[in-house]
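Thanks for asking me to look this one over. My notes are below, in numbered points, with the structure placed ahead of them so you can follow along.

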Amino acid sequence: MGEKINVKDIVRRKKEDLKKEVEALKKEGISPKLAVILASEDEASKIYVGKKRKMCEEMGIGQEEYILDSSKTTQDVVDIVKKLNDDKSVNGILVQLPLFKHMDMDEVLDSISDKKDVDGFHPLTLGKLFIGEKETFISCTPKGIMTILDDICVDCEGKHAVIVGRSRIVGKPISQLLLKRGATVTICHSKTKDISVFTKQADILVAAVGKPHIIKADMVKEGAIVIDVGINRIDGKILGDVDTENVLNVCDKITPVPGGVGITTVLSLLENVVQAAKEQNNI
Ligand code: NAP
């Protein structure tokens, strides 16, 4: 019988470390600060922005918000980003996605300075990740997954990591991080003929699909580490991409949903803000 990874405890410990790091930086006259731009009416986005604000306050990280209404254009958002790029008091810039439908996401993300790209979606940031450069920001969900794997001491070297999903925010970056750690990586997606052929071989299985319980127990290798990234809202309940209760009979460890990968995301963002503050002050 496998076990659910206690991600809440991991996050609690990491938050304590981060808070101490922020306090130490402040003693040296450095106050990390995040700027958040919200340009949408999306209710979930408003909740996420609220969560980020609350955790910044908890960690002692400064935060400022730019809330734009639908009369604003892509150029308006880009103008704010450019102003923030030049503002020395701001270390990290986050544009909450999705934007209003009439706005061009790529144009906005491309305008963020790679030095302040704490969400890690700028093409240059992703490019650095792909060539394995150390000094780059790792996007928050993949970074959170690595935090979990490191905390439970998973040695990726020589392991077969299978990732289901190839998105820019999860599947692709996590594939590169696992590759960098010496795993043999397979990426499955909607055009893969039979994903179970691959998932059954996975020592480390990452499910980032957005389909409730698509990963069943008979698709998982005995003793696998399973990372469930999926967040699916069904009848008021949140379900992952993995049929956790049955997969627990096969796997070694699995992240729960809710209370799993999702709760590492804001932590990773604020870790990136602190990293940005240190790099911008040559620490
Ligand atoms: P996405 O952009 O919609 O990508 C989904 C991926 O799954 C695509 O690559 C798609 O393949 C693939 N896919 C779809 N149906 C499939 C199938 N039947 N078999 C195999 N692959 C299939 O989603 P995302 O943004 O990566 O998010 C994935 C899930 O993670 C969602 O539930 C989302 O809510 C959740 N999420 C959670 C966090 C967190 O913090 N925990 C963060 C981000 C996302 P194609 O490329 O071929 O279309």
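1. Start at G182: this glycine comes just after helix α7 and takes a positive phi of about 95°. Please keep in mind that the model is a predicted one, so the angle is a computed value.

2. Now step back into the helix itself. Helix α7 spans residues 171–180 and is mostly covered, with seven of its ten residues buried. Those buried positions are G171, P173, I174, S175, Q176, L177 and L178.

3. What covers the buried residues of α7? Among the elements in contact with them are two helices, α5 (123–131) and α6 (140–151). Strands β5 (160–164), β6 (184–188) and β7 (204–207) also contribute to that cover.

4. On to the ligand, which you may want to display with its surroundings. There are 22 residues around the ligand, and R166, S167, S190, I231 and T265 are the closest. Sorted by class, this shell holds ten nonpolar, ten polar and two charged residues.

5. Three polar contacts are worth a look. T265 places a polar side-chain atom 2.8 Å from an oxygen atom of the ligand. K211 also uses a polar side-chain atom, which lies 3.2 Å from a ligand nitrogen atom. With V229, a backbone N or O atom lies 3.4 Å from an oxygen atom of the ligand.

6. How much of the ligand's accessible area does the protein cover? On its own the ligand has 920 Å² of accessible area, and the protein covers 70% of it.

How values were computed
Residues numbered from 1 in each chain as written. Predicted model: local features only at pLDDT ≥ 70, side-chain atom pairs only at ≥ 80, totals over all residues. Heavy atoms only, no water. Near = heavy atom within 4 Å. Polar contact = N/O pair within 3.5 Å; in protein donor to acceptor, adjacent residues only side chain to side chain. Areas by Shrake-Rupley, 256 points an atom, 1.4 Å probe, with all protein chains shown as cover. Nonpolar A, V, L, I, M, F, W, Y, C, P; charged D, E, K, R; others polar. Buried < 20%, exposed > 50% of the residue type's maximum accessible area, 1.4 Å probe, protein only. Helix = DSSP H or I, 4+ residues; strand = E, 2+ residues; numbered from the N terminus. Contact = heavy atoms within 4.5 Å.
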